[in-house]
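Reader: I am new to this structure and would like to understand the terms used for it. Could you walk me through them, showing how each one is earned?

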Amino acid sequence: MRKFAAVLLLLSAAVSGCNQSPRNGASPSQTDDANRQVQVKQTAPQKKEITDSRAVADRLEQIASSIPNVEGANCVVFGNTAVVGIDVPQDMDRAKVGTIKLSVAEALKKDPYGVDALVTADMDLGERLRKVRDGVRNGRGVNSFAQEMAAIIGRIVPQLPRDVDSNQTNRPQNANPQVPDNNS
């Protein structure tokens, strides 16, 4: 019984020692937090306005191609957005492709024009980007490829639930709001 009382006494002393408040009665959050300001320095490069899209595309292709195991790169600049398609060996496993894609993204992040570039290693998208790039370099304006670029960007950028507009007026008329039954 004495041991039980001694353990209980030590336990209550430890708990009360961890729960001390300031002696003047003020809570620490009221006095300390009001006088404290947090200052953060911008560490990521700021995206620059793209004025010469061909020079930017060439520069980003060169950066992407410099990464080991990247056999080639195609870049299309559409407005102020760059899409970079990389070619990797066909027999490479998916995890390694993801690592290479991440390496390209990290290299592009250091460049002010590549900081927000979209990177894909998808073979189909890479071929579509190559056709758009070749068309632009042969004198066709990138605006003639606007629909193609929208489709490419739509396949690369994921749909995030927080970005979905909850406004019911944009729903198609034949949309069924009920969840389909998977048991049938």
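Author: What follows is a short set of questions and answers about this model, which is a predicted one.

Reader: Glad to start with the sheet. Why is it called open, and in what order do its strands stand?

Author: Three strands make up the sheet, in the order S1-S2-S3, and it is an open sheet. Its edge strands are S1 and S3, since each of these pairs on one side only. Neighbouring strands are turned by 15° against each other on average, direction ignored.

Reader: And what makes the pairing mixed?

Author: Take the two pairs in turn. Strand S1, residues 72-78, pairs with S2 in the antiparallel sense over seven bridges. S2 pairs with strand S3, residues 118-120, in the parallel sense over three bridges. Two strands count as paired from at least two bridges, so the seven bridges of S1 and S2 qualify, and so do the three bridges of S2 and S3. With an antiparallel pair and a parallel pair, the pairing is mixed.

Reader: Which residues face each other in these pairs?

Author: Between S1 and S2, Cys-75 has Val-84 as its bridge partner, and Phe-78 has Thr-81. On the other side of S2, Gly-85 stands opposite Thr-120 in S3. The hairpin of S1 and S2 has two residues between the strands, and Gly-79 there takes a positive phi near 70°.

Reader: Why is S2 described as largely enclosed?

Author: A residue is buried when its relative accessible area is under 20%. Five of the seven residues of S2 (residues 81-87) are buried, so the strand is largely enclosed by the rest of the structure.

Reader: What do S2, H4 and S3 make together?

Author: Together with helix H4, residues 94-109, the strands S2 and S3 make a right-handed β-α-β unit. The name right-handed applies because, with the strands pointing away from the viewer, the path from the first strand over the helix to the second runs clockwise.

Reader: How do you know that the span of H5 is close to the expected one?

Author: Helix H5, residues 123-137, has 15 residues. It reaches 21 Å from its first C-alpha to its last, close to the 21 Å expected at 1.5 Å a residue. At its N-terminal end, Asp-122 acts as a cap, with a side-chain oxygen 3.1 Å from the backbone nitrogen of Asp-124. The cut-off for a polar contact is 3.5 Å, so this pair is within it. After H5 comes Gly-139, whose phi is positive, near 105°.

Reader: What covers the buried residues of H5?

Author: The buried residues of H5 include Leu-125, Leu-129 and Val-132. Their cover includes helix H3 (53-65), S1, S2, S3 and helix H6 (146-156). H5 lies across S1, S2 and S3, running at about 60° to S1. H6 also lies across these three strands, at about 70° to S2.

Reader: Is Asp-111 buried or exposed?

Author: Asp-111 sits in the loop between H4 and S3. Its relative accessibility is 5%, and the limit for buried is under 20%, so Asp-111 counts as buried. It touches Arg-59, Leu-60 and Ile-63, and its side chain reaches the backbone nitrogen of Tyr-113 at 2.8 Å.

Reader: Then why is Asp-116 called partly exposed?

Author: Asp-116 also belongs to the loop between H4 and S3. Its relative accessible area is 43%, and partly exposed covers the range between 20% and 50%, so the term fits.

How values were computed. Residues numbered from 1 in each chain as written. Predicted model: local features only at pLDDT ≥ 70, side-chain atom pairs only at ≥ 80, totals over all residues. Heavy atoms only, no water. Buried < 20%, exposed > 50% of the residue type's maximum accessible area, 1.4 Å probe, protein only. Helix = DSSP H or I, 4+ residues; strand = E, 2+ residues; numbered from the N terminus. Expected span 1.5 Å × (residues − 1). Contact = heavy atoms within 4.5 Å. Polar contact = N/O pair within 3.5 Å; in protein donor to acceptor, adjacent residues only side chain to side chain. Axes fitted to C-alpha atoms, helices over the stretch in contact; angles between N-to-C directions. Lists of a residue's contacts leave out its neighbours within four places in sequence.
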